[in-house]
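Me: Hi! Could you walk me through this model, one question at a time?

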Amino acid sequence: MIKLFLLLSIISVSNGPQVFYKAVVFDSLEKCMNAIVPVENVLMMQSEQLNHDAVWIQSQCLEFEGFPPDFPS
């Protein structure tokens, strides 16, 4: 088992009872933290394309122990 970092983004849109999430795994805290703003920007652009009036996004890097994933080179 190795230390991994999960970038978890929680998304809520206006006039909807659902809460959505996106998650990405990184092999270092630095990579995870550096990805927060770009990931939130992409999620916001996708929400705008879907014509959502108001969007709330909160992202965090969560540390956990896991099996080594196959990261693309």
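Me: Let's begin with S59: is this residue buried or exposed, and what is its relative accessible area?
Reply: Happy to help, and please keep in mind that this is a predicted model. S59 has its place in strand 3. Buried means under 20% relative accessible area. S59 therefore counts as buried, with a relative accessible area of 8%.

Me: Which residues does S59 touch, leaving out those up to four places away in sequence?
Reply: Two of the neighbours can be found through polar contacts. The side chain of S59 makes one with the side chain of S9 at 2.7 Å, and another with the side chain of E40 at 2.8 Å. With sequence neighbours up to four places away not counted, the full list is L7, L8, S9, I36 and E40.

Me: S9 came up there; which residue is its bridge partner in strand 2?
Reply: Let's start from the strands. Strand 1 covers residues 2-13 and strand 2 covers residues 19-26; the two run antiparallel and are joined by eight bridges. Within strand 2, the partner of S9 is K22.

Me: What is the phi of N15, in the turn of the hairpin?
Reply: The hairpin is formed by strand 1 and strand 2, with five residues between them. N15 sits in that turn, and its phi is positive, at about 60°.

Me: How do the helix and strands follow one another along the sequence?
Reply: There are one helix and three strands to place. The hairpin takes up strand 1 and strand 2, while strand 3 spans residues 55-66. Read along the sequence, the pattern is β-β-α-β.

Me: How many salt bridges does the model have?
Reply: As a general point, side chains of opposite charge can pair when their charged atoms come close. The cut-off here is a side-chain nitrogen of Lys or Arg within 4 Å of a carboxyl oxygen of Asp or Glu. K31 and D27 form such a pair, with the closest N and O atoms 3.0 Å apart, and K3 with E63 is another, at 3.3 Å. The count comes to two.

Me: How many residues apart in the sequence are K3 and E63?
Reply: Their salt bridge has its closest N and O atoms 3.3 Å apart. The pair links distant parts of the chain, with K3 in strand 1 and E63 in strand 3; the separation is 60 residues.

Me: Is E63 buried or exposed, and what is its relative accessible area?
Reply: Exposed means over 50% relative accessible area, and partly exposed lies between that and the buried range. Its partner K3 is at 42%, so K3 counts as partly exposed. E63 is exposed, with a relative accessible area of 51%.

Me: Which residues make the nonpolar surface patch of about 450 Å²?
Reply: A good place to start is V19, in strand 2. At 53% relative accessibility, V19 counts as exposed. Residues need over 30% relative accessible area to join a patch, so V19 passes that cut-off. The patch is made by I10, V19, Y21 and W56.

Me: To finish with the whole protein, what percentage of its residues count as buried?
Reply: The C-alpha atoms fill a box of roughly 40 × 25 × 20 Å along the principal axes. The protein exposes about 5400 Å², with carbon and sulfur atoms supplying 58% of that area. Of the 73 residues, the share that counts as buried is 22%.

Note on methods. Residues are numbered from 1 along each chain as its sequence is written. This is a predicted model: local features need pLDDT of at least 70, side-chain atom pairs count only at pLDDT 80 or more; totals for chains, interfaces and linings use all residues. Side-chain values use heavy atoms; hydrogens and water are left out. Helices (H or I, at least four residues) and strands (E, at least two) are DSSP runs, numbered from the N terminus. Buried means under 20% relative accessible area, exposed over 50%, partly exposed in between (1.4 Å probe, protein chains only). Accessible areas come from the Shrake-Rupley method with a 1.4 Å probe; for residues, only the protein chains shown count as cover. Two strands pair if DSSP finds at least two bridges between them. Patches are made of residues with over 30% relative accessible area and no salt bridge: like charges are joined within 9 Å, nonpolar side chains (Val, Leu, Ile, Met, Phe, Trp, Tyr) within 5 Å. A polar contact is a pair of N or O atoms within 3.5 Å; within protein, one must be able to donate a hydrogen and the other to accept it, and residues adjacent in sequence count only if both atoms are side-chain atoms. Contact means heavy atoms within 4.5 Å.
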